Every structure is written in structure tokens, then in C-alpha cells.
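Let's take a walk through this model together, from its enclosed space out to its open pockets and on to a helix and a pair of cysteines. Keep the structure open beside you as you read.

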Amino acid sequence: MGVSFIVYGIMSFTPGDPASAILGTSATKEQIDKLNEELGMNDPFVVRYVHYLEDALHGDFGTSYRTRQPVFDEIFSRFGVTFRIGVLSICLAVMIGVPIGVISAVRQYSGLDFVSTILAMFFAAVPQFWLAMMFVMLFSLKLGLLPSTFTGVVTMKHFIMPVVTLAMATAASILRLTRSNMLETIRQDYVRTGRAKGASEHTVIYKHALRNALLPVITVIGNEFGYLLGGTVLVESIFGIPGLGSLTITSIRSKDIPQTTACILFLAALNVVIILIVDILYAYIDPRIKAKYVGGVRRAKRQPAT
């Protein structure tokens, strides 16, 4: 409700009208007024929003002003590309950030720790659109190794530069958080006890310390994955990716209120699902959370009915 009201309100009160954006500058005033009337833009905002909610509660989120097709038809047709890029980016970021963060913490103040920290700060500060343009200039224009846009037959080569561009900033955040959590965890008493009992360093670090240090990291990974799915607008524009981000931007520019609202609502619902999955993963990573939940259920079953 909150997301729909904010997005619908912003799109309704921004300057311009959808008819002018759809018909272009060559349309006459009569044509623009007629189309606005067909789209219901002459009704008050509250009336239009209530009608939108009534239709949405019945599963009808409207028809796109531009294509005159149901809004979710185009969302589902484009979401596959965005989802694939998001999954590949978060997997690459985790594969880079977590291992290097652990090694940097275990070998604190070493050369690897110094270099990884500097690179993490650099990629966290560099704007993604600048990095994307540098990749295009180097690997597409100069070396001719990778395609710069999603044209023709799409292969894995088309995904390399967008995925690496999005993964670098995410990997930097994961690396820094993993390092700081591991530094705190390896100084705990149970880690020293494990070493004193003769456990191998690999077992102490990766089986005991890492599992406890991963909880905040998993939260960040879930949040970053949600951001990658909804925040690829600039990268999709640079590489010409026909994804959900470019669809949202096109809908905003053409003042396509139903399409824009549906895109934002879809991404918001997707983020809720991702956060739920992260919460469920906690129980599988930290046995204390699972034991607390299972113990509470067992106690509730043993209590006599009153």
C-alpha cells in the first residue's frame, strides 16, 4: 500500500501528461486531450488511485499506456535478463569477497591484507557507470574482445562486462564486512579453546569462526542482491540490456503510470521475499537460532491446555 501510494502519487503529480509523451511533439492539442480522457487522467488523483487499488486487489495492475498490453507481460519478459545478471553478479561478488575477506583477517597487516583493503575501498568508491564505460572503452573499443551492447544473438560474452561491473562494488562491501567480522570472531574465547585442544587451523577458521562471522555478511548479501535486481538502471542503459531497469526508466520518461508502479511493486515484493529467505538461512548457518526455535516449539507442545 505504501509503495503503491508513493509511486502512484509521484508519477501523477510530476509535470507533464502521458498523452504528450506517447504522441510526441507533432500531436495536436485535441489529440492529446482525447487520449488523456481515454486514460482517465482528467479524474481527480484520489479517484484514479482508488480505482487502481480496486483493480490491483483483483489481480489487474493495469495496462501500459505505451504498449496497451498488461503491465506484467513486459515485466516477466524482461525480468529473466535482469535476474540472470543479478544472480551471476552476486555469485561472483561472494566468490571474491568472502575468501579474500577471511584471508585478510587471518593474515592481518600482511601485504595481501593491505592490497585487498585498498582495492576494496577503491571499488566501493568508484561509480558503476564510470567503471562500465571504462570497460567498454578497453575491452570493446580498444581490444575488441567483448561486445559492448546486447545486440544480435546474446551469448555469455555479453554478460561478462555487466556482471563484473556490478560485482566489483558488491564484492568490496562483502570483503570489508567479512574481514571486520572475522577479526572480531577469531579473538573470541571459543576460537582460542579450539586451538588449545589441538584442532587444525583450517577447522577453527572455516568450521567454527566463519560460521559465526557469516550472519551479518548474509544479511548484506541479501540486501545487495535485491539492489542488483532493482538498481541496474545505469548499467543496463550503458550496455543496452533489455532488462527491468531499462523498462522502468522508459516507463518513467513516458509517464506510463501503470507500468512504472507495477515495476516498483514487483521489485519491492521481490526484496521482501529475498529478506525472508535470508532469515530462513540463519537457522541453517547458526545452530543456536535453530535450537532456540525448535526448543520453543517443543515447550509449547508440552504445555497443558487450559
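This is a predicted model, and a good place to begin is inside it, where the count comes to one cavity of 30 Å³ or more. The largest cavity has a volume of about 30 Å³. To find the spot, look for Phe-123, Val-126, Gln-128, Leu-131, Thr-165, Met-168 and Ala-169, which line the largest cavity. Helix 7 (128-142) and helix 8 each supply at least two residues of this lining, and the largest share, three residues, comes from helix 8. Sorted by class, the cavity lining has five nonpolar, two polar and no charged residues.

From here, turn to the second largest pocket, which holds about 180 Å³ of space. Its lining is made of Ile-96, Ile-100, Leu-112, Val-115, Ser-116, Leu-119, Ala-120, Phe-123, Met-168, Ala-171, Ala-172 and Leu-175. Two or more residues each come from helix 5 (71-106), helix 6 (111-125) and helix 8 (156-185). Helix 6 gives the most to this second lining, with six residues. You will recognise Phe-123 and Met-168, which line the cavity and line the second largest pocket as well. The class make-up of the second largest pocket's lining is 11 nonpolar, one polar and no charged residues.

Now move to the largest pocket, where about 370 Å³ of space lies. There are 17 residues lining the largest pocket, and those closest to its centre are Leu-39, Asp-55, Gly-62, Tyr-65 and Pro-258. Helix 3 (29-39) and helix 4 (45-57) are the elements that give two or more residues to this lining. Helix 4 gives the most, with four residues. What classes of residue make up the lining of the largest pocket? Here there are six nonpolar, five polar and six charged residues.

Next, follow helix 10, which covers residues 201-230 and has 30 residues. From its first C-alpha to its last, helix 10 reaches 40 Å, close to the 44 Å expected at 1.5 Å a residue. Pause at Leu-210 on the way, where helix 10 bends by about 50 degrees.

Finally, have a look at the cysteines. A disulfide is a covalent bond between the sulfur atoms of two cysteines. How many disulfides does a search of the whole structure find? The search finds zero. Two cysteines worth locating are Cys-91, which is partly exposed with a relative accessible area of 38%, and Cys-263, which is buried with a relative accessible area of 0%.

How values were computed. Residues are numbered from 1 along each chain as its sequence is written. This is a predicted model: local features need pLDDT of at least 70, side-chain atom pairs count only at pLDDT 80 or more; totals for chains, interfaces and linings use all residues. Side-chain values use heavy atoms; hydrogens and water are left out. On a 1 Å grid over the protein atoms alone, a cavity is a set of points where a 1.4 Å probe fits but cannot get out, and a pocket is an open set with protein on both sides within 12 Å along at least five of seven lines; lining residues have an atom within 4 Å of a point. Grid points are joined across faces, edges and corners, and a volume is the space filled by probe spheres set on the points. Ala, Val, Leu, Ile, Met, Phe, Trp, Tyr, Cys and Pro count as nonpolar, Asp, Glu, Lys and Arg as charged, and the others, Gly among them, as polar. A disulfide is a pair of cysteine sulfur atoms within 2.5 Å. Buried means under 20% relative accessible area, exposed over 50%, partly exposed in between (1.4 Å probe, protein chains only). The expected span of a helix is 1.5 Å times one less than its number of residues. The bend at a residue is the angle between axes fitted to the seven residues ending there and the seven starting there.
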